[in-house]
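Student: Please take me through one part of this protein closely. I would like to look at a sheet and the helices that lie across it.

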Amino acid sequence: MSGQFGLTLSLLQQMCVYLVVAYLLSKTPLFIPLMQVSIRLPHKLLCYGIFSVFCILGTYFSLPVDDSYANTRAIGAVLGGLLGGPSVGFAVGLTGGFHRYSLGGITALACMVSTVTEGLIGGLAHRYLVSRGRGPEVFQPINGALAAFVAEYAQMAVLLIMVRPFPTAVHLVSDIALPMIVTNTLGTAMFTRILLDRRATQEKYSIAFSAKALRIAARAEGTLRQGFNQDNSTRVARIIYEETGVGAVAITDREKLLAFIGIGDDHHLPGTPITSPHTHQAIQNNEVFYADGNAIPYRCSITPHCKLGSSLVIPLRGEEGRVIGTIKLYEPRSKIFASINRTLGEGIAQLLSTQILAGRYEHQKQLLAQSEIKLLHAQVNPHFLFNALNTISAVIRRDPDHARALVQYLSAFFRKNLKRPSDEVTLQDELEHVNAYLQIEMARFVGRLQVDIEVPEALQSLHLPPFSLQPIVENAIKHGTSQLFGAGHIRIGASETPEGIQLWVEDNAGLYQPEHHSDGLGMSLVDRRIKGRFGEGYGVQVTYEPERFTRVTIHLPKTRLAA
């Protein structure tokens, strides 16, 4: 018994070395795939490689007993199967078994067979748990211990069956059974405990990372979309500083410091040019630069008395990945840069880059909308003004009062042109603008143009982009009723449908020809602006019956109807 006790202590000592290696390895990226049930082939191959090494190490750390060895080889074989499945367990057992077979001895073949058996036992435990939806339980120490316990009993049975002479096998098993069962069972449980702790630590960091990232995203939402400038950058920098707890946070564009919050804000002044060579390097090379203060020294480029001791510089990227600025996180000399803050910093940079890009995109959309409105102005004003002045000139002679009214309509039309907001107007305002236009056109086509406006008062609070109706009405006259020998009739209406709101302009000419018609610049711009604002389900639709009517319908969402 004393011999078995001493052998057990010796194996436990060897196992401690084995576990120290496992613990150190758990701190490397190699262990990350092992912290989940291996399903993908690359993960299975990595699982095979790592546990084959541990299986062989278990043999190298073994203790000679008679013509055999007491060892911890079973830990690697069982864990290979438990984490990678039967195929991995078999491959690890075969690799470790061949290695043991190469060392020779009366138990060489039996040990090779038993090692393969141990890998398969671990793999069968894996399959049992996974098939019942209990995959994460392979990391429970109790399950690892049970698998190793069964595997070691199986090894002893193989030794008794295969080793000859039989009395030698019995004597060997009586000497090594208890020490190996205790050591391998305990070692497998402790190894899975290391994996379980590593998983818990990773999940803890992931939860902390996610919580910080979500808080920063929620608090900073939309800030830089309003403009990548000093005020907005300062607000974002303060949010990041408060949420991450780093020593300082800075944001720059390509040339100057936009914001600085934290240690050193007495000499890192917003608005001053960038002086840090690390920042210049990050901008020029479009890469993250980390000066930890040890391997890569950090020294403040402004004053030697600065308390900051490390810096992480992350590029902010705009269109086509070009650098538009940087975000910089600092820690003081007395504090080590936390790895979570390094990872979080890169995530924050992506978030801010997306906000800046979205803001620039919105700004470009606004510029485009303004340009389109100006284009509509340019299209309407010249020929309409010329026709209006000719009409007023002709009316003055026969009806001065009517001429004065037309001048007022013309004034109202151009006043609304000049003072229209670029965002939205009400349908009532749009109808007033159209009415001023129509009064002049009816005077121009005196007796030949009739207009009916059939818009319920409840729908006149509808919001829509400016210049949505006037170009459609102009098209109806210019390409429709003005071409008739007889009287022209324009009807303008609005109605509510289950899908939304419809505005329509109808003429009695029916001269629309889609195969030869480009829909006109005005109609095309109206369609694009409505689709761009409300989505592809809305916009302009044309229906017609040749020589009878042409109806242009503008589809808008009900949500644009004011309460």
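Tutor: Here is a walk through one sheet, strand by strand, and then its helices. The model is predicted: local features need pLDDT of at least 70, side-chain atom pairs count only at pLDDT 80 or more, and totals for chains, interfaces and linings use all residues. Residues are numbered from 1 along each chain as its sequence is written, and side-chain values use heavy atoms, with hydrogens and water left out.

Start with the layout. Five strands make an open sheet, in the order β9-β11-β12-β14-β13. Its pairing is mixed. Helices (H or I, at least four residues) and strands (E, at least two) are DSSP runs, numbered from the N terminus. Two strands pair if DSSP finds at least two bridges between them. The edges are β9 (449-454) and β13 (539-545), each pairing on one side only. Neighbouring strands are turned by 15° against each other on average, direction ignored. Axes are lines fitted to C-alpha atoms, for helices over the stretch in contact, and angles run from 0 to 180 degrees between N-to-C directions.

Now take the edge strand β9. It runs parallel to β11 (residues 488-497), and six bridges join the two. Gln450 has His489 in β11 as its bridge partner.

Next, the helices. Helix α12 (residues 427-444) lies across β9, β11 and β12 (500-507). It runs at about 170° to β9. Contact means heavy atoms within 4.5 Å. Helix α13 (residues 470-478) lies across β9, β11, β12 and β14 (549-556). Its angle to β12 is about 25°.
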